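Biologist: I'm new to this one and would like a close look at a single part. Could you pick a spot in the sheet region, walk me through it, and then show me how it sits in the rest?

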Amino acid sequence: MGKRRAGRELLRSLSKKQKKHLREFGEEHPFYDKVFACCFLGCYCCCCLHLCFPFQSEDSDKSSKESDSETEVEQVSGYHKLLATLKTSPESEEEEDESESEEAEESEAEMDSEGSQESGEGEEGEEDKNDVPEEEEGTTDTAEQMLSQEQADGIDTSCDPHHGIIEEFTDVKHESEFSLETNFMEEESGDCNAGRRDSNPFKQHMDKELEEKEIEKMSTFAKTSSQSQWPRLGQVIFSSTLEKHKTLKANKEVDVKQLHLHKPLESTWPKVNKQLLSAVDKPIDSSFTPLQRELFCIMNTYRDLFYPERNALTNGEEIRHAYCLHALNHVLKANAQVLSNNAKRRDRKPGTDTDDHRDQGLTRPKVLMIVPFRECALRIVHIFISLLEVNDKKKIDVSNKKRFKGEFGSDPEEKPPNLKRPEDYEAVFAGNIDDHFRIGVAILQKSMRLYAPFYSSDIIIASPLGIRTVIGAEGEKKRDFDFLSSIEILIIDQADIYLMQNWEHVLHLMKHMNLLPLDSHGVDFSRVRILNLNNWSKYYRQTLLFSALQDPQINSVFNKCCFNYVGQVAVRNVPLTGSISHVVVQLPHVFRRLEADSVTSVIDGRFQFFIDKVLPEYRDAIMSHTLIYVPSYFDYVRLRNYFKKEDLNFTHICEYTKKAAVCRARRFFLKGEKQFLLFTERFHFYKRYTIKGIRNLIFYELPTYSHFYSEICNMLKATDNGVDATWTCTVLYSKYDAQKLAAVVGIDRTAQMLQSKKNVHLFVTGEN
């Protein structure tokens, strides 16, 4: 009884948001200022799994077992004990944090003012304590009591992100209406005979019967590649293991009728895509932009595609519309084939048995779309609805549409912070940026069903975190990944953002793609394709990968996890100038090369190189106001521990630092009270604060995003008296940083720097 009483007391001390966090078994997104949550126990959250257990997949899998189950009120985790020990006087500290955090909401121009509202100048030890979740005022009701009360009031909380574990929605009312087995093709829906056309890309791809020799060849032989120059995409690399395919050429003009689209899409696509067409595009093609034309030309051949030049500001919506058209066209054709065969089986004579109607996979889901935020899922569903509505008179029936808008739309009461941010930041973090969600979508002729159970869905839209919590880990009782067994199109959009969230979730997903299901799930095996029965689904799966940059981890997934028998297409354009040309301050750049024998030895080699050769040059008090930019959180922790051990005068800011501690660290650094500032890349990605007072820059490693380099360098001009100061910029790199280096300095300089083992000095005048 004593343990239970203590557990209740600890839970009462938690705020409402922390109770919500407890039941969600995942951290709130670091974008939010109010709560910077850090999980010390290995939860499933996008940040913590990546940071706490990066290379220990077994440990993270074990820890996920605890997170995937409903949290009981009586149980008190070490996380809550840690919170209790950090808050000796909650009321007084809440008032202090409240007054200090108000300053961060105001304009950044007031950061250097003397009349700061901060109460107290916390010491270094206090800053460490501030790298933990922040408490807010809340009710004394426990999370379980709140949930049970809402359930008693009749509120549906089965898939509400504010109520803990997401349970898959079961819509019994519409189950038979959206069942493929009990419905038949309507005559006016069209495309009944579309499956018979020999030139239909869908039929050509799915009806291809591979032999065991070809499967063995794809598993053992290396891929042959060829390249081509396309007008809009640039340098395109084609690769395949099987017989050499003809190099695909870009079509200058595309006729919608020649694309073999499902009949309704031929009329709706030009209307839906009209808003993205510019005056320059209309004379050439009234349906596609130049980028969409070339991308869809590749998609429609069912080749894998990697496009690393996605930009949220310029071409993000173009790409989203293109892959939505392809995914919806695939689903409509697949369902039309099943419904058409249903009619044939119904009309056949009794006693006749045929094996010609194998048109399904082992499970129904055909398309999996991985996107980072709820806003992305909202836009995708809106595109689907627009593509299915032929005209204003013929509206499609969308089940659970109101609930979907409520859960995936943005909160009108939530005001964005009154701070200026770059345009690309505003574009990426627009709308609802919750990163824990998943939703099933069923499409049948003139109707769409949202929140369909996965095994009754055609399309699944999810975030990496949302899909990871369903897949679970080995040893867990409640886990499921059978619905991934027959995925025919995998779309991973904005892959670069997952590097800032948790790339381990993407790798975990790829390990569970197209595996044989553990249960039959009521499938009619007489309708299952032979390729699925042979466990060859992964060789037919098309993977579409879109990113804003080329990164070794993203390249590895595309090269090692995609087995499409048709082949792969990758866009490989090299940057000519680099982001250093956008630096507007006169600043000498010193690129210092470190030697390493392998990729694994770079981490230790960089640390040793830094403390032996770089740091001693900045220990002198003259070299004050030094900001150290650290992309990796593990390197950040290692440097922080070393700085403490050496008793250096420093402060630090990471993505888990509370707002009040961030304000103190920025003020200490600006006034010169702290000589060094350790600054993580993920904090800059989620916040984009301008750090004032920088005189010396050290890039411990090249930034993941190349434009971060110029952004950080241009922060030097934010200091009013910085004109009289001597500014420096030092960058550490190795031969394994070739892609990042080219994105910063350009391909020509990169080739020279990699050939030479000497340090390279560049001086940017602000004009080149």
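Modeller: Let's start at Phe558. Leaving aside residues up to four places away in sequence, Phe558 touches Asp304, Leu305, Phe306, Leu545, Gln568, Val569 and Ala570. Keep in mind that this is a predicted model. Phe558 has its place in helix α21, and it is buried, with a relative accessible area of 3%. That value falls in the buried class because buried means under 20% relative accessible area. Take one of those neighbours, Val569: eleven residues separate it from Phe558 in sequence, and from C-alpha to C-alpha the two are 10.0 Å apart in space.

Now step back to the helix itself. α21 covers residues 552–560 and lies across β3, β10 and β11, running at about 170 degrees to β3. Another helix, α12 (residues 290–299), lies across β1, β3 (304–307), β10 (542–546) and β11 (568–571). Its angle to β3 is about 150 degrees.

What are these two helices lying across? The strands belong to an open sheet of eleven, with mixed pairing, in the order β1-β2-β11-β3-β10-β9-β4-β8-β6-β7-β5. At the edges stand β1 (224–230) and β5 (397–399); each has a single partner strand, so one side of each is left without a neighbour in the sheet. On average, and ignoring direction, neighbouring strands of this sheet are turned by 15 degrees against each other. As background, strands of a sheet pair through backbone hydrogen bonds, either parallel or antiparallel.

Follow that order along and you come to β6, which is worth a pause. β6 spans residues 438–444 and pairs with β7 (residues 447–450) in the antiparallel sense, over four bridges. β6 also pairs with β8 (residues 459–462), again antiparallel and over four bridges. You can pick out individual partners if you like. Ala442 has Arg449 in β7 as its bridge partner, Ile443 stands opposite Met448 in β7, and for Arg438 the bridge partner in β8 is Ala462. Two residues lie between the strands in the hairpin of β6 and β7, where Gln445 takes a positive phi near 60 degrees.

How many residues of β6 are buried? Seven of its seven, so the strand is mostly covered. In a regular strand the side chains alternate between the two faces of the sheet. Here both faces are covered: Arg438, Gly440, Ala442 and Leu444 are buried on one side, and Ile439, Val441 and Ile443 on the other.

A polar residue is worth a look too. Arg364 sits in the loop between α13 (316–347) and β4 (367–370). Is Arg364 buried or exposed? Arg364 is buried, with a relative accessible area of 13%. Its side chain makes a polar contact of 3.0 Å with the side chain of Asp458.

Beyond the sheet, two more helices make useful stops. In α22 (residues 602–614), the buried residues are Val602, Arg606, Phe607, Phe609, Phe610, Ile611 and Val614. They pack against β12 (587–593), β13 (626–630), α23 (633–645), β16 (696–699) and β17 (728–733). As for α26 (residues 706–714), that helix is mostly covered, with seven of its nine residues buried: Phe708, Tyr709, Ser710, Glu711, Ile712, Cys713 and Asn714.

Since a cysteine has come up, how many disulfides are there? The count comes to zero, taking a disulfide as a pair of cysteine sulfur atoms within 2.5 Å. Two other cysteines are tucked away: Cys324 is buried with a relative accessible area of 0%, and Cys654 is likewise buried at 0%.

Finally, the whole chain. The protein's secondary structure comes to 28 helices and 18 strands. Of its 768 residues, 57% count as buried. About 33,900 Å² of the protein is exposed, and carbon and sulfur atoms supply 49% of that area. Among contacts between residues at least 6 apart in sequence, 78% join residues at least 24 apart. So if you go back to Phe558 in the view, start with its contacts to Asp304, Leu305 and Phe306, which are among the residues it touches.

How values were computed. Residues numbered from 1 in each chain as written. Predicted model: local features only at pLDDT ≥ 70, side-chain atom pairs only at ≥ 80, totals over all residues. Heavy atoms only, no water. Pairing = 2+ DSSP bridges. Axes fitted to C-alpha atoms, helices over the stretch in contact; angles between N-to-C directions. Contact = heavy atoms within 4.5 Å. Buried < 20%, exposed > 50% of the residue type's maximum accessible area, 1.4 Å probe, protein only. Areas by Shrake-Rupley, 256 points an atom, 1.4 Å probe, with all protein chains shown as cover. Polar contact = N/O pair within 3.5 Å; in protein donor to acceptor, adjacent residues only side chain to side chain.
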